[in-house]
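Subject: Handover of a structure and the findings from it

Dear colleague,

Please find below the structure that I am passing on to you. I would be grateful if you kept it open beside this message while you read the notes that follow.

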Amino acid sequence: MYDEQVPVLIVGGGPVGLSAAVFLARRGIKPLLVEKRDGIFQLPRASGLNARTLEIFRIAGLRPEIRALEMDDSHACFEGGMLRTSTFSDIDNAEVLSVPTLDGPSISPERVMACGQQHYEKVLLKKAREYGADVRFNTRLVSFAQDDDGVTATIKDTLTSRQRAVRARYLIGADGYRGRIRHRLRIGCTGRNIIFHSLSIYFRAPELDTLLKRRKFIVCYATAPDVSTALSHLHGTDPWLIAVLYHPDRGESPADFTDERCADIIRVAAGKTDLNVEVVDKVPWEATELVADRFRSGRVFLAGDAAHVYPPAGGFGANSGIQDAYDLTWKIAAVLAGWGDDALLDTYETERRPVALAAAKQATLGTRTFRRQTSDEHRAADLLSVTLGYRYRSHTATSTENQQVLKLKFELTGEPGTRAPHVWLEHNGRRISTIDLFWDSFVLLIGPKGNKWAQIATQLASHTPVPLRVQQIGGTQGLLPIDHDWLTAYGIEPNGAVLVRPDGFVAWRSVGFDPNTVLAEVLDHAAGHGAMSSERTAQ
Ligand SMILES: Cc1cc2nc3c(=O)[nH]c(=O)nc-3n(C[C@H](O)[C@H](O)[C@H](O)COP(=O)(O)OP(=O)(O)OC[C@H]3O[C@@H](n4cnc5c(N)ncnc54)[C@H](O)[C@@H]3O)c2cc1C
């Protein structure tokens, strides 16, 4: 009846679909990924990978290869912030519009970096295949239908036109902003739709870096008369990327921007009429703010641009999509392995949709800040707050239902629902991060005097189907914190404990609970089985 059966069918081979394939395959679930294009998209597109995305790549075993792709001095560009100047020749008088709060060794073992999306997608593709995912290009999803037990999809080889019927337990729609899966599910969107239309112009101008006095920045706006452009340094200098606005409501279209006109715009923005410019490519795009009303429909999940699109400020697009994939895949793996309940899959939407709505709002606020259209009461949150400091308000991360998704100022203190704080540790003479401990199981971190927790948890781990590891920090046999007090970082006492999920988010922490009774209930709850009694949910 079916030509093939797979545990998970992923539609879309952009950064989000490829990441989902890597994460699932590394967890032992071998997905089929179909992509209608004939290979990796060749233009740079999203260039900034934030610290959280890099933490995820680190845990998934991609770090060395992704880090090797870092554009020269890319961190210096982030530190240079957002600039505004009349022309690029006048860079010395540029106004600094904003400098993002960045990562650092006390916040994360990883740092934000820039590299072209087409480069890191190659690593994702290679790793997905290496870990056992079946990635097929020139293959389009034609249709799908779901029932109580799975999804039946028709896929088509676009070279031979041959169709195949695939049966999957779950389908991940990572088919991008223009993908059809969301429409077929009749899921609507919330947001402001198109905010502005832009054209990315990729060009070569060998003298431009000298003209800019080798100044590093994220983006530099030029406000010379008759041009309104934004030059990105994060996309590199060979080619450079400049974005111009166009206005369809005034009858303008990308076709109006001939290579000659683009070169003239670049020369005016540069303040150098004889600048040597070669236009390489042009890509129109829209700054759009839309978030799908649902991220799950039965056995089908939306992730990445298929679920949300933001204006470019902050560079949240690809990053938040990869973080969707990370949240979703450990849950699918848990359910397929038999220890996660179907209710755990509902928490994908409960957790990721509010984060997407918050990121959409921040990206729009960021865009207004650069255009000076915002006031203090609509101040954007720290970049780090959006990329690392968000909070999941699901029922698996206890006692967080009424708390905000984002704080204006970045702060991580081990509260349930937030990313477990990073602390450097010594492990057999090697320096590792707490972040490195979280991947394939729940981890109960216990304090130096938490032996009672260790006893109970070890006993529980021997018979519960939910994978649980016990890790003492700071005891006689435990890992040793290197530079700061991990108990303060996680907000517990020396005899306390913190339960961290496989994706590195805090599920629960102890303050004054009886280890004999509480841990089994907390673990069961965190795997999606049933609700917690309210007296168990603290802080
Ligand atoms: C020109 C451009 C510039 C950008 N610049 C930036 C930037 O500077 N910073 C930033 O953060 N973001 C940027 N973005 C956005 C960023 O690239 C996206 O957020 C990111 O690519 C989303 O990844 P995704 O995997 O969800 O979707 P996509 O990358 O869109 O991938 C979806 C894939 O699904 C495939 N697909 C669709 N339907 C089917 C089907 N039926 N069968 C099989 N395959 C299908 C498509 O071919 C596509 O490859 C840019 C986007 C564009 C287009």
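Which elements each supply at least two residues of the shell around the ligand? They are helix α1 (15–26), strand β8 (139–146) and helix α9 (317–337). Before going further, please note that this is a predicted model.

The ligand and its surroundings

There are 26 residues around the ligand, and E35, R37, Q117, L141 and D305 come nearest. Strand β8 gives the largest share of this shell, namely three residues. By character, the shell divides into nine nonpolar, 10 polar and seven charged residues.

Some distances between the ligand and the protein may help you to find your way around the site. An oxygen atom of the ligand is 2.5 Å from an N or O atom in the side chain of R37. A nitrogen atom of the ligand is 3.2 Å from a polar atom in the backbone of K36. An oxygen atom of the ligand is also found 3.5 Å from a polar backbone atom of G317. On its own the ligand has 990 Å² of accessible area, and the protein covers 83% of that area.

Is G317 buried, partly exposed or exposed? G317 has a relative accessible area of 29%, so it counts as partly exposed, the class between 20% and 50%. This residue is part of helix α9. Its C-alpha atom is 19 Å from that of E110, and the two residues are 207 positions apart along the chain.

Cavities

How many cavities of 30 Å³ or more does the count give? It comes to four. The largest of them holds about 100 Å³ of space. Its lining consists of 14 residues, and those nearest the centre of the cavity are S320, A359, V386, T387 and Y390. Helices α9, α10 (342–370) and α11 (383–387) are the elements that give two or more residues to this lining. The largest share, four residues, comes from α10. The lining of the largest cavity divides into eight nonpolar residues, five polar and one charged. Helix α9 thus appears in two places in these notes, in the shell around the ligand and in the lining of the largest cavity.

Backbone features in the loops

Most residues other than glycine have a negative phi, and most peptide bonds are trans. Three places in this model are worth viewing with that in mind.

What is the form of the peptide bond from D238 to P239, cis or trans? The bond is cis, with omega near 5°. P239 sits in the loop between β13 (229–232) and β14 (240–246).

S161 is not a glycine, yet its phi is positive, near 65°. The residue lies in the loop that runs between β9 (151–157) and β10 (163–173). S161 counts as partly exposed because its relative accessibility is 47%.

R214 is likewise not a glycine and has a positive phi, of about 55°. R214 is located in the loop between α7 (208–211) and β12 (219–222). With a relative accessibility of 52%, R214 counts as exposed, because the class begins over 50%.

Buried residues

Three further residues fall in the buried class. H75 belongs to helix α4 (residues 74–80). Its relative accessibility is 7%, and therefore H75 counts as buried, the cut-off being under 20%. The side chains of H75 and E79 are joined by a polar contact of 2.9 Å.

G81 is in the loop between α4 and β4 (82–85). Why does G81 count as buried? The reason is its relative accessibility of 0%. The C-alpha atoms of G81 and F410 are 18 Å apart, while 329 residues separate the two along the chain.

G340 occupies the loop between α9 and α10. G340 has a relative accessibility of 9% and so counts as buried. From C-alpha to C-alpha, G340 and F196 are 43 Å apart in space, and they are 144 residues apart in sequence.

I suggest that you begin with the ligand and then follow the notes in the order given.

Yours sincerely,
A colleague

Definitions and conventions: Residues numbered from 1 in each chain as written. Predicted model: local features only at pLDDT ≥ 70, side-chain atom pairs only at ≥ 80, totals over all residues. Heavy atoms only, no water. Near = heavy atom within 4 Å. Polar contact = N/O pair within 3.5 Å; in protein donor to acceptor, adjacent residues only side chain to side chain. Areas by Shrake-Rupley, 256 points an atom, 1.4 Å probe, with all protein chains shown as cover. Nonpolar A, V, L, I, M, F, W, Y, C, P; charged D, E, K, R; others polar. 1 Å grid on protein atoms, 1.4 Å probe; cavity = no way out; pocket = protein on both sides within 12 Å on 5 of 7 lines; lining within 4 Å. Points joined across faces, edges and corners; volume = space filled by probe spheres on them. Buried < 20%, exposed > 50% of the residue type's maximum accessible area, 1.4 Å probe, protein only.
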